[in-house]
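Let us walk through this model one element at a time. Keep the structure open beside the text.

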Amino acid sequence: MNKILNWQKRIFVLHLNDKAFTLIESLFALSIFIMIIFFMAPVFHIVLHNGKSDDAKLQGMEWSVFCSQLKKEIRQSIRADINSGQLIVTKDSETVQYDRYGNTLRRQVNSLGHEIVLQNVSQYTFSILNNGVKLTVKDQWGKEYSVSAHSFIDWNVEK
């Protein structure tokens, strides 16, 4: 009699498995789904950002702020010189110096301080224009930036 009941019970269990999933099957399917989502997230991130990293976007914003600060400083200056790749801007009582520090461009006032004004710089060139300064910067991603700034005060007038 027990054998007949066990046989009927097995048939009943087999019959239930055909209509629904067991808990183990559901957990297995859920774990595979989570692994697929986990590995697809970086792919979606790259596709949505068109391969540009957040660092490159930040570099553009950083460049705009730096240009504004440099133009303001050059406009107020009475003289600018280039010495060994360093830009030395003379204002009323201050001497502001721009030079490379590692892969950054830093600013010092009266040879004091260490203000990082531009990051991820691979090459830069300062050149003196007529009453102004031109800066060309190449970042680590190979993109080249350029800015020119002119002073309100005539640098050629002897005092």
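Start with strand S3 (residues 95-101) and strand S4 (residues 104-109), which pair in the antiparallel sense over six bridges. Strands here are DSSP runs of E with at least two residues, helices are runs of H or I with at least four, and both are numbered from the N terminus. Two strands count as paired if DSSP finds at least two bridges between them. One bridge to look at is that of Val96, whose partner in S4 is Val109. In general, strands of a sheet pair through backbone hydrogen bonds, either parallel or antiparallel.

A word on the source. This is a predicted model: local features need pLDDT of at least 70, side-chain atom pairs count only at pLDDT 80 or more, and totals for chains, interfaces and linings use all residues. Residues are numbered from 1 along each chain as its sequence is written, and side-chain values use heavy atoms, with hydrogens and water left out.

Now step back. The protein has three helices and eight strands. From the N terminus, the order is α-α-α-β-β-β-β-β-β-β-β. Of its 159 residues, 25% are buried. Buried means under 20% relative accessible area, exposed means over 50%, and partly exposed lies in between (1.4 Å probe, protein chains only).

S3 and S4 belong to an open sheet of five strands, ordered S1-S2-S3-S4-S5 with antiparallel pairing. Its edges are strand S1 (79-83) and strand S5 (112-118), each pairing on one side only. Neighbouring strands of this sheet are turned by 25° against each other on average, direction ignored. The axes behind such angles are lines fitted to C-alpha atoms, for helices over the stretch in contact, and angles run from 0 to 180 degrees between N-to-C directions.

Three strands make another open sheet, S6-S7-S8, also with antiparallel pairing. Strand S6 (121-129) and S8 are the edge strands, and each pairs on one side only. The twist averages 15° from one strand to the next. Strand S7 (residues 132-139) is joined to S8 by seven bridges. Within that pairing, Leu135 has Val147 as its bridge partner in S8, and Val137 has Tyr145. Four residues lie between the two strands of this hairpin, where Gly142 takes a positive phi near 90°.

Which side chains of S8 are buried? Along residues 144-150 they alternate: Tyr145, Val147 and Ala149 point to one face and are buried. Glu144, Ser146, Ser148 and His150 point to the other face and are not buried.

Follow Tyr145 to the aromatic rings. Rings of Phe, Tyr and Trp (its six-membered ring) pair if their centres lie within 6.5 Å; planes under 30 degrees apart are stacked, over 60 edge-to-face, and the rest tilted. Five aromatic pairs result. Trp63 and Tyr145 form a tilted one, with 5.1 Å centre to centre and 35° between the planes. This pair links distant parts of the chain: Trp63 sits in helix H3 (residues 54-75), Tyr145 in strand S8, 82 residues apart. Both Trp63 and Tyr145 are buried. Tyr124 and Phe126 have ring centres 5.4 Å apart and planes at 75°, so this pair is edge-to-face. Tyr124 and Phe126 are buried as well. Ring pairs also link Trp63, Phe66, Tyr98 and Tyr145 into a cluster.

Finish at helix H2 (residues 23-48), which holds Ile36. Ile36 counts as partly exposed because its relative accessibility is 48%.
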